[in-house]
Amino acid sequence: MPVKAGVAAGHPATTEVGLRILASGGTAADAAVAAVLACSASESVLTGIGGGGFATYYDAANRTVTCLDFFCSVPGLDGDVTPKPMLPIEVTFGGVPMPYSIGGPSVGIPGVPAGCGEVHARWGRLPWHEVVEPAVLLARAGVALPEAQARTLVSVAPALTPSDGGEIYAPGGRLLRGGETLHHPGLDKALDSLADEGPSIFYTGRYGDLLVEAVRASGGAIGPADLAAYAVLELPVAHARLAGQHVYARTDLNGTIATISALPEPIQELSRPDRAVAVADALREYGRPRIGDTTNVSVVDAEGNACVITTTLGIGAGVWLPGLGINLNSMLGEGELITEDMAPGQRMQSMMCPLVVIDEDGDLVLAAGSAGASRIRTALVDTLLGVLVDGLDTETAVARPRFHVVDNAVHAELGYPEDELSALASAGYTIVQWEELNHFFGGVSAVGLAGAGGDPRRGGTGQLL
């Protein structure tokens, strides 16, 4: 039985845009691109057109998987400006203060416009302007801010409220609350121009000129040569087996595919407590986890094609394109993404990992991705185990309590099974019990044979057509 057409995303309005495109005869790529652009209006606390991302596409007719990289690149090709120091800020997450850096020097070359254009050019069916139009309408009307994103806003306000962000996220000096309207003045105009002129407007067109001016006025170094040189990359596709199925994705900074390969097989024969210990051992990471404002869109169309796109702004640079309602990314201020060998024009690394699961016959089983920086891998592994091993429907697998490992500590959400936590404690892990389901633990959106599910931790929804 083939996977039914459906969409899962981080906001009900984003999901609705994707469904509307599918109902109009669009492909999974059309719907995913439309939903990603809609995120600029509906999920700007987490992502936006000024950021970067990755796409994984499953072609049902050819039974092939393709991974595209449109993440942010390092500026400096122009060589005519030396960036000034970044602006240090502190955000509080789970009661723990965390340092970040924002401002013009933190901005990497955005990839979302180019990435959306490339996905549509390769696998889209509807005209470009029809794919962009729902995002224009959403931006013009504004959207209700979900309670989950309102809680995230409280944490990341120091990054989002500078400059134009003050009137968007804290009109009248008070942060938006859940259910209130999030509106970005000028964003509809920007998206309308994107529909008319295509993604090049952000690179070699007039919005590219605005971007250079805004970044350099804020102390950054992005120049025309940086933007003109930007190109979407096709990546090698990595593979792992899990519970008799095949998982395909790019190789991310967290090693999601390698982690899945390291799990004992046949994992379905382990008891749940023994499995929890095996998973914790494979997931163990070292160092302080970061917030990582990210979102994901997963789409399957009527022909069985799947498109999963994960995008991010980092925490957001607080540098806005004037009059266009677009916040730029802060990727160069994300310390864990900085490597010693980074050079101008080079693509930055990321923990994002949109993936697909295929059965032995090459047919689609599940399309999934997650938000959550270092918790992306955790959230995806737990969701895959829920669907493929525990036999849960997608919505239940996404929503159930999960744990994340940092050093020798297991951070567990409220409701995680006590027998598994006891096994983890016996294996030497310190248990840190959270009092709720929390957006710290990632934000999965997935569509598959077991239905569609968006993550309640971040206000997500999933729906079949």
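**Buried cysteines and an enclosed cavity**

Cys72 counts as buried, because its relative accessibility is 0%, where buried means under 20% relative accessible area, exposed over 50% and partly exposed in between, with a 1.4 Å probe and protein chains only. The model is predicted, so that local features need pLDDT of at least 70 and side-chain atom pairs count only at pLDDT 80 or more, whereas totals for chains, interfaces and linings use all residues. Residues are numbered from 1 along each chain as its sequence is written, and side-chain values use heavy atoms, with hydrogens and water left out.

The structure holds zero disulfides, a disulfide being a pair of cysteine sulfur atoms within 2.5 Å. Cys67 is in no disulfide, the nearest cysteine sulfur being that of Cys353 at 7.9 Å; for Cys72, likewise unpaired, the nearest is that of Cys116, 13 Å away. Cys67 also counts as buried, at 1% relative accessibility.

A search of the whole structure returned five cavities of 30 Å³ or more, a cavity being a set of points, on a 1 Å grid over the protein atoms alone, where a 1.4 Å probe fits but cannot get out, with lining residues having an atom within 4 Å of a point. The second largest has a volume of about 110 Å³, taken as the space filled by probe spheres set on the points, which are joined across faces, edges and corners. Its lining comprises 14 residues, of which Val279, Asp382, Leu385, Phe403 and Tyr416 lie nearest the centre. Helices H11 (272-283) and H12 (375-388) each supply at least two lining residues, and H11 gives the most, with five.

Technical notes. On a 1 Å grid over the protein atoms alone, a cavity is a set of points where a 1.4 Å probe fits but cannot get out, and a pocket is an open set with protein on both sides within 12 Å along at least five of seven lines; lining residues have an atom within 4 Å of a point. Helices (H or I, at least four residues) and strands (E, at least two) are DSSP runs, numbered from the N terminus.
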